Amino acid sequence: MDYEIIPTFIASQMPIQGWNDAIADKTVANAVMDRIVHQAIRIELEGESLRKTQVKKN
């Protein structure tokens with residue numbers, strides 16, 4: 001299967017816990033989340049936005 005060979009990157013500013021609530025149909029939300037999260041590697045960044053820190057310096 002291509003999904004096992006070709007990586008897919010998803011970036012979001014919404015925490016993963018809020019993704020189910022963002023999709024109105026809960027059955028669809030569960031199906032989508034199941035497919036996205038299955039064998040996923042999650043990287044959650046913490047801290048202040050680099051844009052905000054750059055604006056403060058200027």
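Here is a short walk through the structure, one selection at a time.

**Before you start.** What you have open is a predicted model, where local features need pLDDT of at least 70, side-chain atom pairs count only at pLDDT 80 or more, and totals for chains, interfaces and linings use all residues. Residues are numbered from 1 along each chain as its sequence is written, and side-chain values use heavy atoms, with hydrogens and water left out.

**Stop 1: the whole chain.** Show the protein chain as a cartoon and you should find 3 helices and 0 strands, running α-α-α from the N terminus. Helices here are DSSP runs of H or I with at least four residues, strands are runs of E with at least two, and both are numbered from the N terminus. Now switch on the surface: about 5,900 Å² is exposed, with carbon and sulfur atoms supplying 57% of that. Accessible areas come from the Shrake-Rupley method with a 1.4 Å probe, and for residues only the protein chains shown count as cover. How much of the chain is buried? Buried residues come to 5% of the 58 residues. (Buried means under 20% relative accessible area, exposed means over 50%, and partly exposed is in between.)

**Stop 2: Ala-29.** Select Ala-29, which sits in helix 2. Is it buried or exposed? Ala-29 counts as buried because its relative accessible area is 0%. Leaving aside residues up to four places away in sequence, Ala-29 touches Asn-20 and Ile-23; contact means heavy atoms within 4.5 Å. Add Trp-19 to the selection too: Trp-19 and Ala-29 are 10 residues apart in sequence, and their C-alpha atoms are 7.8 Å apart in space.

**Stop 3: Val-28 and its patch.** Step back to Val-28, also a helix 2 residue (that helix covers residues 26–37). Val-28 has 42% relative accessibility, so it counts as partly exposed. Now select Ile-10, Val-28, Val-32, Ile-36 and Val-37 together: they make a nonpolar surface patch of about 350 Å². Patches are made of residues with over 30% relative accessible area and no salt bridge; like charges are joined within 9 Å, and nonpolar side chains (Val, Leu, Ile, Met, Phe, Trp, Tyr) within 5 Å.

**Stop 4: the salt bridges.** How many salt bridges are there? The count is 2, taking a salt bridge as a side-chain nitrogen of Lys or Arg within 4 Å of a carboxyl oxygen of Asp or Glu.

- Pick Lys-26 and Asp-21, whose closest N and O atoms are 3.8 Å apart. Lys-26 is partly exposed at 43%, while Asp-21 is exposed at 61%.
- Then pick Arg-42 and Glu-44, which meet at 2.2 Å, N to O. Arg-42 is partly exposed at 47%, and Glu-44 is exposed at 53%.

**Stop 5: the largest pocket.** Keep Arg-42 selected and add Ile-10, Ala-11, Ile-41 and Ile-43. The largest pocket has a volume of about 1,400 Å³. Of the 30 residues lining the largest pocket, these five are the closest to its centre: Ile-10, Ala-11, Ile-41, Arg-42 and Ile-43. Helix 2 gives the most to the lining, with 3 residues.

On a 1 Å grid over the protein atoms alone, a pocket is an open set of points where a 1.4 Å probe fits, with protein on both sides within 12 Å along at least five of seven lines; lining residues have an atom within 4 Å of a point. Points are joined across faces, edges and corners, and the volume is the space filled by probe spheres set on them.

**Last stop: Gln-39.** Finish in the loop between helix 2 and helix 3 (50–57), where you will find Gln-39. Its phi is near 60°, a positive value in a residue other than glycine. Most residues other than glycine have a negative phi. Gln-39 counts as exposed, at 62% relative accessibility.

Notes:
Buried means under 20% relative accessible area, exposed over 50%, partly exposed in between (1.4 Å probe, protein chains only).
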